[in-house]
Amino acid sequence: MVGPRLVLTAAHVLGDDESVPRRGAITICRSGPRPSEPARCTDREFPATVRWYQKDDDVDAALVEIDDIDGWPVPESLQEIGTRPPQRWGRLIGTRPHPVTLFGYPRMYRESGPGPRRGMQLDGHISPTSEYLAGRYEITSTDPTLKPDLEPASPLTRWSGMSGAAALAYSRDGDLLCGVTRYDLKADGGTILTATPTSSLLAAPGFRAALTRHTGWTPALEPVEPAHLLAPAAHHRDLRSPAMLLRADTEAVAFHGRDSELQRLRAWCKTGPGALSVQAITGPGGQGKTRLARRLAGLLDEQDRAEFGRPRWVIGQVHSRLTDHDIHTDFTPLDTALPLLLVVDYAETRPQLLHSLIQHLQASRHKVRVLLLARSDGPWRTAAFRLTTDTTHQILNATVVSELAPLLPAAPTPLARIEAFTDAVTGLARLLPLVPDTPAYDWGALATAVQAPDDIRSPRYDNILTLQMTALTTLLQDGPAPVTITPVQNTEDVLLQHEARYWASVS
């Protein structure tokens, strides 16, 4: 399952394109009760509707939505979809076989006599080059198999029943779905199953649209092999209190502006040097550095799909859990022949890790871009550390450093700031109900009535975080539970009062 009521399977399971069942002709049931669920959760069959279907040489997959909203037992892992992305989507970027796990109901595990087949787990490997050579993944395994009870002329195989199984690669931050099982190649002395790569799924506009509409999350492709080195593309929204809505990775407010910066960065990525190149963006906290980097990643992905029909750039942000204590980290999983963009946030706080990373990447013969985000420039970039080579030192000293200007500088008319304030109020009101213990209220209607502050021309609104903080406190104060304030209190103090009251109520 890739959503609370959304199932991903192989298209051929549903029939040929002309015979795809319509509403009510498909039923879905859970495979078995979980430890925390009663057995009755799996007794019932639920009618379902095909929401997306594609069956051709490149893709064999379908999305099916369960119709019965009230009775369907949503899995525990998908019950917090407002704050936690339902599924991560992976792509293999190297050349070495990578382990994956599948679960299905193959023909060879059918018990004698009538009755359902037993489910089984298959542990195998995907050879990444199979995607480039055959346009599909090939999953291989040498595990022993059973001989199925089949008629001599039967088109079925021992693996019939595995179609639609998800090929999952392990990651401590959530497994990555790499592909959807298609057919058995009937290998001798082992197993070879084919699968539609996730990159082919995400290249289909209908698939992306259906997934986003159902889950509220836009799917993003992530590199599989270096998953332990990189932060998840879609972050868990930590909404334990109202102030958490202001975090950059929450993305409560839609991105806008920064056109000149994005144009320059895209040109650097697309037409710059053929090998490793490093740039740095500096600016105070809340200026928008992290959101700018994430928007750049989104634009590269969009441009690739428009030009090539599928993503080419491998994009990732070095995980925050990697620090200067991890300077001996093995960065080999980042090696790829595809163009690579790495973002290092808070680069000034882990300079030795940065130098170690650059030292590894400088050996690449393919296009690599490293974007550093820091509050200010300084010795963290230019100093030579004990393990720094001369080449690494030269690369970092030649880094182009750009200071990020205010997003909303003072202007003759405050129109741009008023529009940004309105966008902030609208976005924050959308996610505010997800904060625990937030009063039940029509926050969306309130957002349409809220007015921008009278001092919107003030220089303090040069900082976009300050403007969004003001939008949040305005919502909270105009809502059903304002706090008592004095005329001299600033926005930060008012928000702190709301925070203090929230934590007191949940303690």
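**Close-up views of a predicted model**

**View 1. Pairing of strand 2 with strand 3 in the predicted model.** In this predicted structure, three bridges join strand 2 to strand 3, which spans residues 46-55, and the two strands pair in the antiparallel sense. Within this pairing, T27 is placed opposite P47, a residue of strand 3.

**View 2. The open sheet of four strands.** The strands of this open sheet are arranged in the order 1-4-3-2, and their pairing is antiparallel. Strand 1, made up of residues 6-9, and strand 2, made up of residues 26-28, stand at the edges with a single partner strand each, and therefore one side of each is left without a neighbour in the sheet. From one strand to the next, the twist averages 40°.

**View 3. The crossing of helix 9 and helix 11.** Helix 9, covering residues 415-431, and helix 11, covering residues 464-478, have axes that come within 9 Å and cross at roughly 55°. The two helices, helix 9 and helix 11, are therefore oblique to each other, and the crossing in which helix 9 passes helix 11 is right-handed.

**View 4. Residues in the contact of helix 9 with helix 11.** On the side of helix 9, the contact is formed by R417, A420, F421, A424, V425, L428 and A429, which meet L467, Q468, T470, A471, L472, T474 and L475 in helix 11. Taken by class, the residues of this contact between helix 9 and helix 11 comprise ten that are nonpolar, three that are polar and one that is charged.

Notes. Residues numbered from 1 in each chain as written. Predicted model: local features only at pLDDT ≥ 70, side-chain atom pairs only at ≥ 80, totals over all residues. Heavy atoms only, no water. Pairing = 2+ DSSP bridges. Axes fitted to C-alpha atoms, helices over the stretch in contact; angles between N-to-C directions. Parallel < 35°, antiparallel > 145°, perpendicular 65-115°, else oblique. Left-handed = near helix turned anticlockwise from the far one by under 90°. Contact = heavy atoms within 4.5 Å. Nonpolar A, V, L, I, M, F, W, Y, C, P; charged D, E, K, R; others polar.
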